[in-house]
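Hi,

Here is the structure I promised to pass on. Have a look at it first, and my notes come after.

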Amino acid sequence: MLEIEDLHVEVGGRKILKGVNLSVMAGYTNVLFGPNGSGKSTLLMSIMGFGGYKVTQGRILFNGEDITKLSVTERANRGIGIMMQRPPNLVGVNLRNMLQVTAKDRPAPAEGAKELDMERFLERDVNVGFSGGEIKRSELLQLEAQNPCLYLLDEPESGVDLVSIEKVGHKVNELLHGTSCAGRKGRAGKAALVITHTGQILDYIEADRGYVMCNGTVMCSGNPRELLQEISKMGYEECIKCKLRLTTVN
Ligand code: ADP
Ligand code: MG
């Protein structure tokens with residue numbers, strides 16, 4: 001579903017991504033690890049097509065189509081959705097309206113608001129004064145309203161308290177399995193690229209493949225749980241050695 005080929009991206013005149021190769025097949029959930037500042041969020045923002053992320057080389061394919069030059073709206077309409085690490089405050093747009101606009105002609109996810117304990121936020125402006133965990137839950141609700149095929153999740157568990165993490169984890173899992181997408185039912189029609197620091201989200205989702213990003217490139221890939229164990233044991237300094245040790249290398 002998603003193929004990233006030799007992607008180079010500049011932000012504010014600085015080279016951040018330096019030749020990223022990565023892919024996510026339909027039906028798969030892939031996980032992206034990496035230290036702070038390695039370019040993980042930049043990669044997701046570039047896949048979604050936000051302004052300020054200048055692709056200087058390489059391309060992004062979605063279902064075989066080159067989307068590198070498409071606008072955010074065109075990418076969203078093709079079925080790409082994102083949970084941002086730090087989404088902006090939308091002053092004057094309440095969450096209820098946002099969900100209705102995002103759902104277009106389908107009903108907004110009323111059940112989801114209940115499940116995520118977000119009903120009392122529906123009349124509030126999106127993200128204004130929300131805590132870290134409330135922002136994540138609001139982003140998830142918006143994704144449920146959009147029902148994309150490809151989910152780009154930037155640290156879905158960060159800032160979420162221990163009680164809510166279960167709700168968030170179950171919701172992510174439900175979104176990745178439920179409701180048909182692109183005419184295919186359940187997981188088969190969906191895919192996800194999930195950034196995680198702690199790996200907590202792995203307790204709730206079936207992750208297929210893990211990638212480790214360091215200094216703007218993907219250093220290695222493999223079984224996500226094994227990668228997480230290696231990282232917790234040895235840290236990210238071992239990133240380059242890991243490139244030599246692990247099997248598949250981009
Ligand atoms: P990660 O998500 O892996 O922690 P980011 O993709 O957020 O990393 O950031 C990668 C690097 O890009 C960081 O060094 C960050 O400071 C830099 N960066 C991000 N946005 C900008 C910007 N607007 N201008 C300049 N540098 C930026
Ligand atoms: Mg980030």
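Below is what turned up, starting with the helix contacts and then moving on to the pockets.

First, a caution: this is a predicted model.

**Helix H5 and its neighbours**

Start with helix H5, residues 132–146, and helix H3, residues 95–103. Their axes come within 7 Å and cross at roughly 30°. An angle under 35 degrees counts as roughly parallel, so that is how H3 and H5 run relative to each other. The crossing of H3 past H5 is right-handed. If you want to pick out the contact on screen, colour Leu95, Met98, Leu99, Thr102 and Ala103 on the H3 side, and Ser138, Leu141, Gln142, Ala145 and Gln146 on the H5 side. Those residues split into six nonpolar and four polar, with no charged ones.

H5 also meets helix H6, residues 162–177. Here the axes come within 11 Å and cross at roughly 20°, so H5 and H6 are roughly parallel too. This crossing is left-handed. From H5, the residues involved are Arg137, Leu140, Leu143 and Glu144, and they meet Ser164, Val168, Lys171, Val172, Glu174 and Leu175 of H6. By class that gives five nonpolar, one polar and four charged residues.

**The pockets**

Which residues lie nearest the centre of the largest pocket? They are Ala76, Ile80, Met98, Thr102 and Gln146, out of a lining of 28 residues. Met98 and Thr102 will look familiar from the H3 side of the helix contact, and Gln146 from the H5 side. The volume of this pocket is about 740 Å³. At least two lining residues come from each of helix H2 (72–78), strand E6 (80–83), H3 and H5. As for character, the lining has 16 nonpolar, nine polar and three charged residues.

The second largest pocket holds about 410 Å³ of space. Its lining has 22 residues, with Gly37, Lys40, Ser41, Thr42 and Gln85 lying nearest the centre. Strand E2 (14–24) and helix H1 (40–48) are the elements that give two or more residues to this lining. What classes of residue make up the lining of the second largest pocket? There are five nonpolar, ten polar and seven charged residues.

When you open the file, I'd go to Met98, Thr102 and Gln146, as they appear both in the contact of H3 with H5 and among the residues nearest the centre of the largest pocket.

Cheers

Technical notes. Residues numbered from 1 in each chain as written. Chains lettered and ligands numbered in written order. Predicted model: local features only at pLDDT ≥ 70, side-chain atom pairs only at ≥ 80, totals over all residues. Heavy atoms only, no water. Axes fitted to C-alpha atoms, helices over the stretch in contact; angles between N-to-C directions. Helix = DSSP H or I, 4+ residues; strand = E, 2+ residues; numbered from the N terminus. Parallel < 35°, antiparallel > 145°, perpendicular 65-115°, else oblique. Left-handed = near helix turned anticlockwise from the far one by under 90°. Contact = heavy atoms within 4.5 Å. Nonpolar A, V, L, I, M, F, W, Y, C, P; charged D, E, K, R; others polar. 1 Å grid on protein atoms, 1.4 Å probe; cavity = no way out; pocket = protein on both sides within 12 Å on 5 of 7 lines; lining within 4 Å. Points joined across faces, edges and corners; volume = space filled by probe spheres on them.
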